[in-house]
Amino acid sequence: MSNNTKQSSAKVAKLASETLRDPHASAIAKSLAASTLAQANTGKQTGAEMEEKAGRVLQSDKYSDDTKTLAASVVSQSNKARGE
């Protein structure tokens with residue numbers, strides 16, 4: 001199984017941190033933010049369930065640009081072998 005060595009950037013990690021502290025952020029945004037932070041400066045990869053959730057966010061018009069940024073980060077850190 002291929003490993004994806006991508007990590008969350010400092011800018012996206014900061015957005016994730018702010019999202020987790022925001023009392024008005026949605027549950028999906030907080031879930032994506034938590035996954036993004038878990039992958040900042042670590043070798044962790046996105047799990048299949050979170051990858052699917054992030055993909056649905058990216059395909060929907062109802063989420064904010066910030067939530068889509070977090071979703072894109074999560075998807076970019078998914079396991080390469082699943083995308084093949």
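Biologist: Which residues of helix α1 are buried, and what makes a residue count as buried?

Modeller: In α1 the buried residues are Val12, Ala13, Leu15, Ala16 and Thr19. A residue is called buried when its relative accessible area is under 20%, exposed when it is over 50%, and partly exposed in between (1.4 Å probe, protein chains only). The model is a predicted one, so local features need pLDDT of at least 70 and side-chain atom pairs count only at pLDDT 80 or more, while totals for chains, interfaces and linings use all residues. Residues are numbered from 1 along each chain as its sequence is written, and side-chain values use heavy atoms, with hydrogens and water left out.

Biologist: How do you know on which side of α1 its buried residues, Val12, Ala13, Leu15, Ala16 and Thr19, lie?

Modeller: They cover an arc of only 160° around the axis, and therefore they are on the same side of α1; the arc is taken from the directions that run from the helix axis to the C-beta atoms. The face turned away from that buried side carries the exposed residues Ala10, Lys11, Lys14 and Arg21, whereas what covers the buried residues includes α2 and α4.

Biologist: What makes residues 48-59 a helix, α3, and how does its span agree with what is expected?

Modeller: Helices are DSSP runs of H or I with at least four residues, strands are runs of E with at least two, and both are numbered from the N terminus. The expected span is 1.5 Å times one less than the number of residues, so the 12 residues of α3 should span 16 Å, and the 17 Å between its end C-alpha atoms agrees with that.

Biologist: Which residues of α3 are buried, and what do they pack against?

Modeller: Met50, Ala54 and Val57 are buried in α3. Because they cover an arc of only 55° around the axis, they are on the same side of α3. These buried residues pack against α2 (27-38) and α4 (65-76), while the exposed residues Glu49, Glu52 and Gln59 are carried by the face turned away from the buried side.

Biologist: Why is Thr67 called buried, and which residues does it touch?

Modeller: Thr67, placed in helix α4, has a relative accessibility of 8%, and therefore counts as buried. Leaving aside residues up to four places away in sequence, Thr67 touches Ala29, Leu32 and Val57, where contact means heavy atoms within 4.5 Å.

Biologist: What makes a set of residues a nonpolar core, and which residues form the largest one?

Modeller: A nonpolar core is a set of buried Ala, Val, Leu, Ile, Met, Phe, Trp, Tyr and Cys residues joined through side-chain atoms within 4.5 Å. The largest one has 12 residues, among them Val12, Leu32, Met50, Val57 and Leu70. The elements that give two or more residues to this core are α1 (10-21), α2, α3 and α4.

Biologist: Why does Lys30 count as partly exposed, and what lies 3.2 Å from its side chain?

Modeller: Lys30, found in helix α2, has 27% relative accessibility, so it counts as partly exposed. A polar atom of the Lys30 side chain lies 3.2 Å from the backbone oxygen of Asp22. Asp22 is also one of the residues that Lys30 touches.

Technical notes: A polar contact is a pair of N or O atoms within 3.5 Å; within protein, one must be able to donate a hydrogen and the other to accept it, and residues adjacent in sequence count only if both atoms are side-chain atoms.
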